[in-house]
Every structure is written in C-alpha cells, then in structure tokens.
Amino acid sequence: NKCVEDEIVKHHETGSFDAKRDRWKGYDTSKYKDIINFHQKVEEARRKKKAKELDEQMRRKAAKKKERLLRRQKKRAQKKAKREANPDADSDSDSDSDSDSDSDDEEGESGDELKDDVGEVIQKRDARTRTTVRNLRIREDTAKYLLNLSTKSAHYDPKTRSMRANPHPEKDPSELTYAGDNFVRMSGDAQKIKKLQLFAFAKNDDGDSDVHLQAAPSQAELHFQSEQKRRMQQVNNLRRSVLDKYGGVKHLKAPAKELLLNQSENYVEYDEDGHLIKGKEPAIPKSKYIEDVYDNNHTAVWGSYWRDGNWGYMCCHSTVRNSYCTGATGLAISNGEKRKRITN
C-alpha cells in the first residue's frame, strides 16, 4: 500500500531546469494577506499601549504638579502667618528659601538629564522618544563653520560636526583657538600609535605573525621598542665609522647659545640720530686677517686710498706698497699732479 501525500506537490510537465528549481512552486498568494493582517494588529496594539502609557505619564505629571503647587501654597501660607505673628523677622531669608524650594520642585520635572561638574546639561533624554539629544558645543562658543567664511576654507562635515583641516593656516599656531580636528590626531600619543600600527603591518607583510597589535599589544610594543633600538644603534655605528674615517668630531661641538645668538645682558641706549647715550657700545668684531697695522711710518692702512685703478695709503696718497710715508709732502705732490691733470 502507498501512503497518501500530506502536501500537494504540483509536477510540471515541462520539466525545464528553472521549473524544477522554482522555490515559489505551489505557494498560495492569498496566505500573504493573513501575514499582513497579523502585523497590522500587532502594530495597532503597540500604538494603543504606547498612547495609554503616555496618557498615564501625563496624568502622573499633572498630579505631581498639582501636589507641588498645593505644597508651595501651604508653605507660603505658613510663612505669611509667621510674618504676621513676628513682623520683625528678616524677610530676605524667607524669599531665599522660597526660591530654593521652587528650584527644587522644578528640578524634579526636568526628566533624565546628564550634567557635568559645573551643572551644564550635556545630555538629555526624552522619555517619550527613543532618541538622545546631545549638546556637542557650548552655546557661547563660535561654531566651526563660522571661524572662516571663505569659500576656500577647510571643509566642514555637518553630519559628524567635524572640521579636520585648519580653518586659518596662515595664522600663528600659538594664536589659534581651534586648529582643526587633525591637530588632536597629530599630537600626543597618536603619532606613536600610528607608527606602531605601521610597524605591525610591515611585520605581517614580511611573514612575521608574532606581531599583532590587537591580539598581543604588549608583545607588539616590545618588538617595536627593540626595533627602534636596533635602528638607532645602526645609525650611531654608521656615524661613528664616518667620523673615524674622515674625522671632524671637533666641528660637532656647538658653542654656547649666547655666543650663537650674540645676546648679552649689557644695556645700551641710543638717541634718534644713532649716537650712544647710555651704556657701552659693542666692539666691532675683528676678522682673521691682520688689521690696524701701520707699516713704515704710515698713519693709514694699505687700501685706504684709491686713484686711477690703484690702491694706496690715505696719509700720503702713495700707491706703492711697503713704501715709506712722505706725509704732507706726498699729499702736496699728489694734489699738484691732480691740478695739472685738471688744467691740461
């Protein structure tokens, strides 16, 4: 005997490839309406339950508000009776206590709020909705997109409220109140972590599976430190070998900063014309060549006089190097020759 099939299986007479593998073969489309009706009933029940909860919540808030109002009126009536009984009492303390009690009552109805140490609300959740409203910026601060209104300024992403580039790259970094979000990524330990990630990637590319920043961060840090020490040792060895071969250790010793910048604590004051008023005028630096050496009775150095393409001495106008100074006689002869050239 053959068992009766519990499902109706429709056999396609065509027997094509797609017909044999049709996943919707034998499906009744009228059953889908039952699924839609079921979900609509569930949604309607959920909506009614939510409305009932909101009504109950509003009723509780109204009752609490009414209770606070009655309590406040009762307190005011008691204080008024006390003031009438004792009119000499200080009224300022009563007003202060009234304001304190009012503020305490108002704090009870604010809902779920997250405040910082100063008391500023940084997160507020509305019980009627599932969304959370975050105040990411203090209202007194200027918005990022208003720091530079130029069309060529840094790009501002309104979805993430981020401006990665510096809106004022032309200004001094010490004068900037905001230098972009990338400034945080480029300072502190961010660069160290980035180098560590690059080191782990390079090791994995080389086939070294022992270095993994997420699975073993401490081990990766130790490998990175040992690699840094090895590189520094190689650089020092190369530098030492170059110095041993070519020399020049004395040139690596830099003088003191005050000598490099030519700064001192000597106070010098000048007038508008540049003449010295107060202090000691700095000495003129000397060169490595011999200066202020007067040979052969000259009172001027060689090169202090120039005539017809020849150097000479200014004291006697002599153009012969290492000649004896003739003094006023040489000047008279030189001036006489000059007048003759002018008359001719």
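# Exercises on pairs and strands

The side chains of R231 and E227 meet in a salt bridge, with N to O at 3.4 Å (a side-chain nitrogen of Lys or Arg within 4 Å of a carboxyl oxygen of Asp or Glu). This is a predicted model, in which local features need pLDDT of at least 70 and side-chain atom pairs count only at pLDDT 80 or more, while totals for chains, interfaces and linings use all residues. Residues are numbered from 1 along each chain as its sequence is written, and side-chain values use heavy atoms, with hydrogens and water left out.

## Exercise 1: A pair inside a helix

Find the helix that holds R231 and E227, then decide whether each residue is buried, partly exposed or exposed.

*Step 1.* Both R231 and E227 belong to helix α6, residues 217-246. Helices are DSSP runs of H or I with at least four residues, strands are runs of E with at least two, and both are numbered from the N terminus.

*Step 2.* The two residues are four residues apart, about one turn of the helix.

*Step 3.* Now the accessibility. E227 has a relative accessible area of 12%, so E227 is buried; R231, at 46%, counts as partly exposed. The cut-offs are under 20% for buried, over 50% for exposed, and partly exposed in between, with a 1.4 Å probe and protein chains only.

## Exercise 2: A second helix and a network

Locate E43 and R47, give their closest N and O distance, and name the network they belong to.

*Step 1.* Helix α2 (residues 31-85) contains both E43 and R47, which are four residues apart, about one turn of the helix.

*Step 2.* Their closest N and O atoms are 4.0 Å apart, and the two form a salt bridge.

*Step 3.* E43 has 33% relative accessibility and therefore counts as partly exposed. R47 is partly exposed as well, at 43%.

*Step 4.* Widen the view: salt bridges link E43, E44, R46 and R47 in a network. In total, the structure holds nine salt bridges.

## Exercise 3: A pair in a loop

How many residues apart in sequence are the parts that K144 and D181 tie together?

*Step 1.* Start with the contact itself: the side chains of K144 and D181 form a salt bridge, 3.7 Å from N to O.

*Step 2.* Both K144 and D181 lie in the loop between β3 (132-134) and α4 (182-185), so the pair ties together parts that are 37 residues apart in sequence.

*Step 3.* K144 is partly exposed, with a relative accessible area of 24%, whereas D181 is buried, at 17%.

## Exercise 4: Aromatic pairs

Classify the ring pairs F199 with F224 and W302 with Y313.

*Step 1.* Begin with the count, which is five aromatic pairs. Rings of Phe, Tyr and Trp (its six-membered ring) pair if their centres lie within 6.5 Å; planes under 30 degrees apart are stacked, over 60 edge-to-face, and the rest tilted.

*Step 2.* For F199 and F224, the ring centres are 5.5 Å apart and the planes stand at 65 degrees, so this pair is edge-to-face.

*Step 3.* F199 lies in helix α5 (residues 190-205) and F224 in helix α6, so the pair ties together parts that are 25 residues apart in sequence. F199 and F224 are both buried.

*Step 4.* For W302 and Y313, the centres are 5.1 Å apart with planes at 65 degrees, so this pair is edge-to-face too.

*Step 5.* W302 lies in strand β6 and Y313 in strand β7, so their pair ties together parts that are 11 residues apart in sequence. Y313 is buried, with a relative accessible area of 4%, while W302 counts as partly exposed at 28%.

## Exercise 5: The hairpin of β6 and β7

Do β6 and β7 run parallel or antiparallel, and which residue of their hairpin takes a positive phi?

*Step 1.* Strand β6 (residues 302-307) and strand β7 (residues 310-313) run antiparallel and are joined by four bridges. Pairing requires that DSSP finds at least two bridges between two strands.

*Step 2.* Within this pairing, Y305 of the hairpin stands opposite G312 in β7.

*Step 3.* The hairpin has two residues between the strands, and D308 takes a positive phi near 55 degrees.

## Exercise 6: The whole chain

Give the chain's secondary structure count and its share of buried residues.

*Step 1.* The chain comes to eight helices and seven strands.

*Step 2.* Of its 344 residues, 12% are buried.
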